[in-house]
Amino acid sequence: MSDDPSPAEFRDRARSWLATVARPAAADGGWGSGSDSVAVFENWTEREEHEHTARAQEWERLRYDQGWGALNWPQEYGGQGLPGYYEQLYRAEEAAFEVPRRAEVFPVTQQLVAPAVGVWGTEEQKRRWLRPLLRTDELACQLFSETEAGSDLAAVRTRAERDGENWVLNGHKVWTSGARVATWGVAVCRTDPEVRKHAGITVFLVRMDAPGVIVRPIRQMTGGASFNEVYLDDVIVPDTDRLGPVGEGWRVTLTVLAAERLDSGNLGLDNADRALRLAAHPPRPLTDGERVRAADLHIRALVQRAIGQRVTAALVAGREPGAEASVGKLYATGTMRRTSDLVSELLGPSLVADTGEWGTYAWTEHLLGAPGYRIAGGTDEIQRTILAERVLGLPKEPSR
């Protein structure tokens with residue numbers, strides 16, 4: 001018989017603890033006061049990014065030290081050994097309190113990179129990396145995408161060449177969130193150009209302050225620069241920082257991508273909820289069409305949360321939720337698009353005129369940023385291909 005607390009008991013405990021360390025969030029989500037940011041990709045300056053990261057790290061360390069972080073990890077890594085869905089139960093309670101919002105580098109560190117180290121790391125690597133990553137003493141970013149490879153991650157060109165007990169890395173990565181604040185970068189590199197592309201890949205953890213690592217922000221159409229390009233110029237990485245066997249990097253990469261798609265099912269729900277609150281505080285009476293759009297978005301948000309629960313159920317059952325994760329990713333991007341549609345109808349011209357009115361022009365950050373998630377975490381086309389091949393059993397298109 002399991003000694004795990006029941007979900008209701010766990011949520012009661014979490015709520016009681018949160019009440020001792022954080023203030024309850026304002027009623028109705030603080031509508032009309034405080035920050036009205038709905039940015040999909042943050043528009044911080046480098047100084048603002050460092051300051052926000054430091055505040056979020058302080059909160060994550062408090063959680064970890066008091067037993068509310070790394071919930072599904074074994075006790076040896078500071079966790080409670082609870083089933084994975086207890087983290088979602090905790091987050092549901094935390095949402096009712098004023099705590100620092102986690103920028104993308106935090107879930108990347110705790111939910112993508114740490115699990116990959118847990119699966120592929122040596123015992124020494126687990127001892128060295130897991131606690132600092134889970135406590136966020138050290139943060140990690142993904143050095144995956146390249147301009148030449150596009151959506152075909154296995155076509156990476158960044159090279160890693162063996163030099164005794166070290167590797168020398170040369171290449172260029174793009175769309176890297178958190179590169180300015182990360183301690184480590186998880187780099188997908190080509191180590192053997194003579195074999196088929198999926199077999200010639202190896203993964204390394206690269207110190208982001210190592211000589212030869214150059215981080216340059218990429219200006220986005222939202223006006224911010226939350227993404228970066230990273231140049232690797234003769235960067236020396238010890239073999240002890242290689243994650244997984246040489247040539248098995250594609251399998252390591254898939255471990256990270258699977259976790260990324262699991263997390264992506266929650267994308268956009270906060271902004272969908274904010275859009276529904278906008279519909280509840282309209283500047284004028286809603287039209288019948290706007291009421292229909294609001295009802296549709298409300299139902300989509302409920303369904304998206306239900307899909308997230310199916311993903312969690314698959315994890316609890318010990319299955320890799322490949323199809324469920326792809327459905328969740330596709331559904332989430334659809335929710336973000338319909339959020340944009342509703343807000344555009346509700347605000348009209350005030351959406352594009354910066355009058356200083358709370359909760360109006362700020363929505364441009366969502367409208368301009370949301371389309372990016374049709375690419376991030378695996379394009380919509382890739383998700384449909386996964387479903388076509390793995391669920392419908394359709395044949396792969398022959399190579400041309």
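This tour moves through a predicted model, from two helix pairs to the strands and then to a few single residues.

**Stop one: helices H1 and H2**

Begin by selecting helix H1, residues 7–21, together with helix H2, residues 46–65, whose axes come within 12 Å and cross at roughly 130 degrees. An angle over 145 degrees would count as roughly antiparallel, and H1 and H2 are therefore oblique to each other. The crossing of these two helices is right-handed. To see the contact itself, show the side chains of Trp-17, Leu-18 and Val-21 on H1, and those of Trp-59, Leu-62 and Arg-63 on H2. Sorted by class, the contact of H1 with H2 has five nonpolar residues, no polar ones and one charged residue.

**Stop two: helices H4 and H5**

Next select helix H4, residues 105–120, and helix H5, residues 123–135, where the axes come within 10 Å and cross at roughly 165 degrees. Because angles over 145 degrees count as roughly antiparallel, that is the description that applies to H4 and H5. Here H4 passes H5 in a left-handed crossing. On the H4 side, display Thr-109, Gln-110, Val-113, Ala-114, Val-117, Gly-118 and Trp-120, which meet Gln-125, Lys-126, Trp-129, Leu-130, Leu-133 and Leu-134 of H5. By class, this contact of H4 with H5 comprises eight nonpolar, four polar and one charged residues.

**Stop three: strands S3 and S6**

Leave the helices and select strand S3, residues 140–143, in which Ala-140 and Gln-142 point one way while Cys-141 and Leu-143 point the other way, and all are buried. In a regular strand the side chains alternate between the two faces of the sheet. Now add strand S6, residues 184–190, which pairs with S3 in the parallel sense over four bridges. One position to mark is Leu-143, whose bridge partner in S6 is Ala-187.

While S6 is still selected, pick out Gly-185, which lies in this strand. Is Gly-185 buried or exposed? With a relative accessibility of 0%, Gly-185 counts as buried. Leaving aside residues up to four places away in sequence, Gly-185 touches Cys-141, Leu-143, Phe-204, Leu-205, Val-206 and Met-208. For a sense of distance, draw a line from the C-alpha of Gly-185 to that of Gln-80, since the two residues are 105 apart in sequence and 27 Å apart in space.

**Stop four: strand S9 and its partners**

Select strand S9, residues 227–238, and then bring in strand S5, residues 166–173, with which S9 pairs in the antiparallel sense over seven bridges. Strand S8, residues 213–218, also pairs with S9 in the antiparallel sense, over six bridges. Tyr-231 of S9 is a useful residue on which to centre the view: it is the bridge partner of His-172, and Ile-214 stands opposite it as well.

**Stop five: two residues with positive phi**

Remaining in S9, move to Asp-234, which has its place in this strand. Phi of Asp-234 is near 55 degrees, a positive value in a residue other than glycine. How is Asp-234 placed with respect to the surface, buried, partly exposed or exposed? Its relative accessible area is 47%, so Asp-234 is partly exposed.

Finish by selecting Trp-175, which is placed in the loop between strands S5 and S6. Phi of Trp-175 is near 60 degrees, which is again a positive value in a residue other than glycine.

Note on methods. Residues numbered from 1 in each chain as written. Predicted model: local features only at pLDDT ≥ 70, side-chain atom pairs only at ≥ 80, totals over all residues. Heavy atoms only, no water. Axes fitted to C-alpha atoms, helices over the stretch in contact; angles between N-to-C directions. Parallel < 35°, antiparallel > 145°, perpendicular 65-115°, else oblique. Left-handed = near helix turned anticlockwise from the far one by under 90°. Contact = heavy atoms within 4.5 Å. Nonpolar A, V, L, I, M, F, W, Y, C, P; charged D, E, K, R; others polar. Buried < 20%, exposed > 50% of the residue type's maximum accessible area, 1.4 Å probe, protein only. Pairing = 2+ DSSP bridges.
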